[in-house]
Amino acid sequence: GAKASGRNCARLFDPNDPQSSDESENIAALLKIAIDQRLVSLVYQPIRNVVSGRLDAVEALMRLRMLDGTSVPPSLFIPIAERTGAILELGRWAIRTACTELLIDEHVPVVSVNVSPIQLRSPGFAASVAAILGETGVAGGRLALEVTEGLELEMHSDILRCINDLKTLGVRIWLDDFGTGFAGLSWLRLIDFDTVKIDRSFLHDCNGPKGKVMLRDIIGLVRNRGHKILIEGVETEEQMTLMRQCRIDYVQGFHVGRPAPAQTFRLAPMGDARPAALAKPN
Ligand code: C2E
Ligand code: MG
Ligand code: MG
Ligand code: MG
């Protein structure tokens, strides 16, 4: 499966793998031409600072369109891109695109881009980020890279070295989907993340009293280690109130805004609250 093969960098497609259905082979083929044919794009979702109310950052999320115009969700195409190795080129494309279509605009303070562990382990990744920052003239501190904890994210000295090189460039390193895997705690011990994003399942499971205790425990753990805390998946005003009570630093979710094309964020300074424009689905 995708998780197991994530251990080997850029492994080629295995026809004996039961996951290699026709559909995934089609997507694998599509991914090879996706950049040239402009089938991939980025949408951006705002991140709100709970205390100031300002939009301090946006997260870049990749979109893939098939030749007939239908779209493929990232939960489907990202694992395939990881399995075939296409993620290396797509990942560089995403960072470059975030820099050229959004960070060019001084109004946008920070853009975060998701990176796969395969990228962090591939030789020359930090150098390619340095090259993109140099070419686009974007300061490293305005780029954040989101690393997802997962089974395949076993501690690896190459990854640690890569993260240190990125930090030297000023790039921020965030931990994504915290609480969904077993590796998260050891990652917190080894890497000084700027921000930890707590997976939206904790918020969605916290309707009962037990769920709330879980959420408070996980918030306490992250806060005691000195990281900024972002909660993902905030959808209602009620959840927003809970976030204020829990003194969460940042929130992201449909309540703040849906993912939208770059131009949505270039219309006005990011600090402006523009819920009407941002609430529109992409
Ligand atoms: P993620 O990094 O945790 O991104 C957040 C996901 O939650 C996005 O799904 C976003 O649209 C969705 N979301 C945001 N707010 C809410 C909310 O209030 N409620 C609900 N139910 N969902 C919300 P999306 O865009 O489908 O992306 C799914 C995953 O695919 C991402 O999870 C990320 O792990 C991966 N992904 C997306 N783009 C990239 C990329 O450029 N590179 C890599 N390596 N992975 C990517
Ligand atoms: Mg993310
Ligand atoms: Mg992610
Ligand atoms: Mg996440």
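Reader: Before we look at ligand 1, what makes a residue count as near a molecule?

Author: A residue is near a molecule if one of its heavy atoms lies within 4 Å of it. Around ligand 1 there are 21 residues, and R63, N114, D176, E235 and F254 come nearest. Please keep in mind that this is a predicted model.

Reader: Thanks! How do you know how confident the predictor is in this chain?

Author: The pLDDT runs from 0 to 100, and the chain averages 86, with 85% of the residues scoring at least 70. Over residues 1-12 the value is below 50, although this stretch has 25 contacts in the model beyond near neighbours in sequence. Residues 272-282 also have a pLDDT below 50, with 22 such contacts. Where pLDDT is low, the predicted coordinates should not be read in detail. For the complex, the predictor gives an ipTM of 0.98 and a pTM of 0.89.

Reader: Back to ligand 1, then. What makes the approach of R63 to ligand 1 a polar contact?

Author: The cut-off is a pair of N or O atoms within 3.5 Å. An N or O atom in the side chain of R63 is 2.9 Å from an oxygen atom of ligand 1, so the pair falls within that cut-off. N114 offers a side-chain N or O atom at 2.9 Å from a ligand 1 oxygen, and for E232 a polar side-chain atom lies 3.3 Å from one. Taken on its own, ligand 1 has 810 Å² of accessible area, and the protein covers 82% of that.

Reader: Which elements each supply at least two residues of the shell around ligand 1?

Author: They are β2 (55-65), α3 (74-84), β4 (111-115) and β6. The most comes from β2, with four residues.

Reader: Now the metals. Why are D176, D177 and E232 called donors of the magnesium ion (ligand 4)?

Author: For magnesium, a donor is an N, O or S atom within 2.8 Å of the metal. The OD atoms of D176 and D177 and two OE entries for E232 lie 2.0 to 2.5 Å from ligand 4, so they meet the cut-off. Water is not among the atoms, so the site may look incomplete. In sequence, the donor residues are spaced D-D-x54-E.

Reader: What does D176 bridge?

Author: D176 bridges the magnesium ion (ligand 4) and the magnesium ion (ligand 2), and these two ions lie 3.9 Å apart. D176 sits in strand β6 (residues 172-178), while E232 is in the loop between β8 (228-231) and α11 (237-245), so the pair ties together parts that are 56 residues apart in sequence. Both D176 and E232 are buried.

Reader: Why is S116 called buried?

Author: Buried means under 20% relative accessible area. S116 has 6% relative accessibility, so the label fits. Its place is in the loop between β4 and α5 (117-121). Leaving out residues up to four places away in sequence, S116 touches E82 and I87.

Reader: And N49, why is that residue called buried?

Author: The relative accessible area of N49 is 15%, so the residue counts as buried. N49 lies in strand β1 (residues 40-49). Not counting residues up to four places away in sequence, N49 touches R54, D56, D249 and Y250.

Reader: What makes the link between N49 and D56 a polar contact?

Author: The side chains of N49 and D56 meet at 2.9 Å, and the cut-off for the N or O pair is 3.5 Å, so the distance qualifies.

Note on methods. Residues numbered from 1 in each chain as written. Chains lettered and ligands numbered in written order. Predicted model: local features only at pLDDT ≥ 70, side-chain atom pairs only at ≥ 80, totals over all residues. Heavy atoms only, no water. Contact = heavy atoms within 4.5 Å. Donors = N, O, S within 2.8 Å, 3.2 Å for Na, K, Ca; no water. Buried < 20%, exposed > 50% of the residue type's maximum accessible area, 1.4 Å probe, protein only. Polar contact = N/O pair within 3.5 Å; in protein donor to acceptor, adjacent residues only side chain to side chain. Areas by Shrake-Rupley, 256 points an atom, 1.4 Å probe, with all protein chains shown as cover.
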